[in-house]
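Hi everyone, thanks for making time this morning. Let me put the structure up, and then we can walk through it together.

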Amino acid sequence: MSILHYWRGFYLPADPEDGLPDLELPDGAFNICDDFDFSNPKTDYDRACSLSGAVETISVGPGKGLVFGAELDSLTWWQDQRMLVNGGLPTTSRLNEVTWSDELDWHTAESDFVLMNACDHGADPNLKNFFEVKLAAGEYLIQRGDSSDCRNVGNDPAFVLFRFLLKLDG
């Protein structure tokens, strides 16, 4: 079951008197809400930003989404390592130097996901900044690690990593 179309990012439904909306979709018109009141969230983006953990779940329609505390500019999905990379892509040898912390036990019955900017509206067919993520259905431990524990050699990039460890039965 896709919950993507339930996510409204930093958009709120537009009033007919508002004039030209910021976003028009088949299911309605929306305007950007830039109040950014994380103590009294009005938008899904506000709700996501009000979370304080490294990775947490958030209600989205009838399901749950994941919110990652991204600290650096770029995000990418490293499929071979089942890892969300925030910042520069480390070499596999640097992964041995990372100290990992357990952040979240997560269960999914799905295997196809979308990683996107929390500001975006999930029903926007023009989504530009997103990644498709493939994971086997199952029980995962999500861990966080970063480059602060690594030897800084040359121009090694700074990074924050979230790895998905599949828990095996037994």
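Please look first at Leu104, whose bridge partner in β11 is Ile142. A word of caution before I go on: this is a predicted model. That bridge belongs to an antiparallel pairing of β8 with β11, which runs over seven bridges. On to the next strand: β11 and β12 also pair in the antiparallel sense, over seven bridges. There, Gln143 has Arg163 in β12 as its bridge partner. Arg163 also lies over the face of Trp100, 3.9 Å from the ring centre.

So how well covered is β11, then? Mostly: eight of its nine residues are buried.

Now the core. The largest nonpolar core has 15 residues, and Phe68, Trp106, Leu135, Ile142, Phe162 and Phe164 have the most contacts inside it. At least two residues each come from β8 (101-108), β11 (138-146) and β12 (159-166), and β12 gives the most, with three. Take Phe164: leaving out residues up to four places away in sequence, Phe164 touches several side of the core, including Phe68, Trp106, Leu135 and Ile142.

Finally, my favourite part, the rings. The count comes to twelve aromatic pairs. One of them is Phe36 with Tyr45, edge-to-face at 5.7 Å centre to centre and 70° between the planes. Trp106 and Tyr140 are tilted, because their planes sit at 40°, with the centres 5.9 Å apart. Since Trp106 is in strand β8 and Tyr140 in strand β11, this pair ties together parts 34 residues apart in sequence. Trp106 is buried at 11% relative accessible area, and Tyr140 is buried at 1%. Both belong to a cluster linked by ring pairs, along with Phe68, Trp77, Phe113, Phe162 and Phe164.

Notes:
Residues numbered from 1 in each chain as written. Predicted model: local features only at pLDDT ≥ 70, side-chain atom pairs only at ≥ 80, totals over all residues. Heavy atoms only, no water. Core = buried A, V, L, I, M, F, W, Y, C linked by side-chain atoms within 4.5 Å. Buried < 20%, exposed > 50% of the residue type's maximum accessible area, 1.4 Å probe, protein only. Helix = DSSP H or I, 4+ residues; strand = E, 2+ residues; numbered from the N terminus. Contact = heavy atoms within 4.5 Å. Pairing = 2+ DSSP bridges. Phe/Tyr/Trp six-rings, centres within 6.5 Å; stacked < 30°, edge-to-face > 60°. Lys NZ or Arg CZ within 6 Å of the ring centre and 35° of its normal.
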